[in-house]
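Welcome to this guided tour! Open your viewer, switch on the cartoon display, and keep the selection tool at hand.

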Amino acid sequence: MRNSLSFVTAAALIAGAALTGSALAQDRQDRSRHTELPANQVSDQADARSARIRADLRLTPEQENNWAGFEGAMRDISKKQAERDVSLRADRAKQKGPVDVIEQMRRGADSMSEHAVEQKQLADAAQPLFASLNDQQKRRFTEVLVRIGNEPDFNRAK
């Protein structure tokens with residue numbers, strides 16, 4: 001009995017890892033496709049994502065009042081990120097010769113600084129909405145915020 005239980009547990013863990021790996025691979029694939037999209041399509045994707053989050057939360061009329069600030073912050077940040085992506089692609093297309101590793105380090109640092117500012121803006125905008133949610137909605141919203149917080153550019157996630 002113990003061996004069969006261990007086998008079932010091991011099989012479940014392997015299956016879970018395979019599904020997680022598959023989901024991660026799909027996410028990477030989606031992100032790589034995203035980097036080639038024009039800014040307006042990225043913005044449209046961000047709007048669609050916002051609509052999915054809103055629908056998933058099933059907000060009450062009172063909570064809807066707090067949604068606009070969060071949605072606006074997501075839209076503004078997404079637009080800035082899309083514009084940066086387009087600019088970065090254009091810069092890379094113009095680049096001739098070897099890659100300047102020092103310049104890449106500086107750009108990476110700038111990107112992290114911008115991401116930190118945007119995360120704070122998003123947190124500030126999300127706070128009133130989060131405070132108005134019930135426990136179930138907070139769990140759903142927390143999953144979204146964690147996912148957003150772990151992404152270099154939140155508008156890239158689907």
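At what angle do helix α3 and helix α4 pack, and how far apart are their axes? Keep that in mind while you look around, and remember that you are viewing a predicted model.

**Stop 1: the whole protein**

Begin with everything shown as a cartoon. You should find five helices and zero strands. If you trace the chain along its sequence, the pattern reads α-α-α-α-α. Now colour by burial: of the 158 residues in the protein, 26% are buried.

**Stop 2: the pair α3 and α4**

Select residues 61-94 for α3 and residues 101-132 for α4. Here is the reply to the opening question: the two helices pack at an angle of about 165°, and their axes are 7 Å apart. Angles over 145 degrees count as roughly antiparallel, so that is the word for how α3 and α4 run relative to each other. Their crossing is left-handed. If you colour the contact of α3 with α4 by residue class, you will see eleven nonpolar, seven polar and six charged residues.

**Stop 3: along α3**

Hide α4 for a moment and stay with α3. Does its length agree with what 1.5 Å a residue would give, or differ from it? With 34 residues, α3 should span 50 Å, and its end C-alpha atoms are indeed 50 Å apart, so the two agree.

Next, select Trp67, where a kink of about 35° in α3 is centred. Trp67 is also one of the buried residues of this helix, and others to pick out include Phe70, Gly72, Met74, Ile77 and Asp85.

Move on to Asn66, also in α3. Is Asn66 buried or partly exposed? Its relative accessible area is 25%, so Asn66 counts as partly exposed.

**Stop 4: along α4**

Bring α4 back. This helix has 32 residues and reaches 46 Å from its first C-alpha to its last, close to the 46 Å expected at 1.5 Å a residue. Click on Ala126 to find a kink of about 40° in α4, shortly before the proline Pro128. To see which parts of α4 are hidden away, select His115, Glu118, Leu122, Ala125, Ala126 and Leu129, which are buried.

Now zoom in on Leu129, a residue of helix α4. Its relative accessibility is 0%, which is why Leu129 counts as buried. Try two distance checks from here. The C-alpha atoms of Leu129 and Asn66 are separated by 4.8 Å, although these residues are 63 apart along the chain. From Leu129 to Ala68, 61 residues apart along the chain, the C-alpha separation is 9.1 Å.

**Stop 5: Thr142 in α5**

Select residues 135-149 to light up helix α5, and find Thr142 inside it. Thr142 has 34% relative accessibility, so it counts as partly exposed. Then draw a line to Phe130: Thr142 and Phe130 are twelve residues apart in sequence, and their C-alpha atoms are 8.6 Å apart in space.

**Stop 6: an unusual backbone angle**

For the last stop, go to Arg58, in the loop between α2 (39-57) and α3. What is phi of Arg58 near? The value is near 50°, which is positive even though this residue is not glycine. That is worth a pause, because most residues other than glycine have a negative phi. Switch on the surface as well: Arg58 has a relative accessible area of 57%, so it counts as exposed.

Terms used
Residues numbered from 1 in each chain as written. Predicted model: local features only at pLDDT ≥ 70, side-chain atom pairs only at ≥ 80, totals over all residues. Heavy atoms only, no water. Axes fitted to C-alpha atoms, helices over the stretch in contact; angles between N-to-C directions. Helix = DSSP H or I, 4+ residues; strand = E, 2+ residues; numbered from the N terminus. Parallel < 35°, antiparallel > 145°, perpendicular 65-115°, else oblique. Left-handed = near helix turned anticlockwise from the far one by under 90°. Nonpolar A, V, L, I, M, F, W, Y, C, P; charged D, E, K, R; others polar. Expected span 1.5 Å × (residues − 1). Bend = angle between axes of the 7 residues up to and from the residue. Buried < 20%, exposed > 50% of the residue type's maximum accessible area, 1.4 Å probe, protein only.
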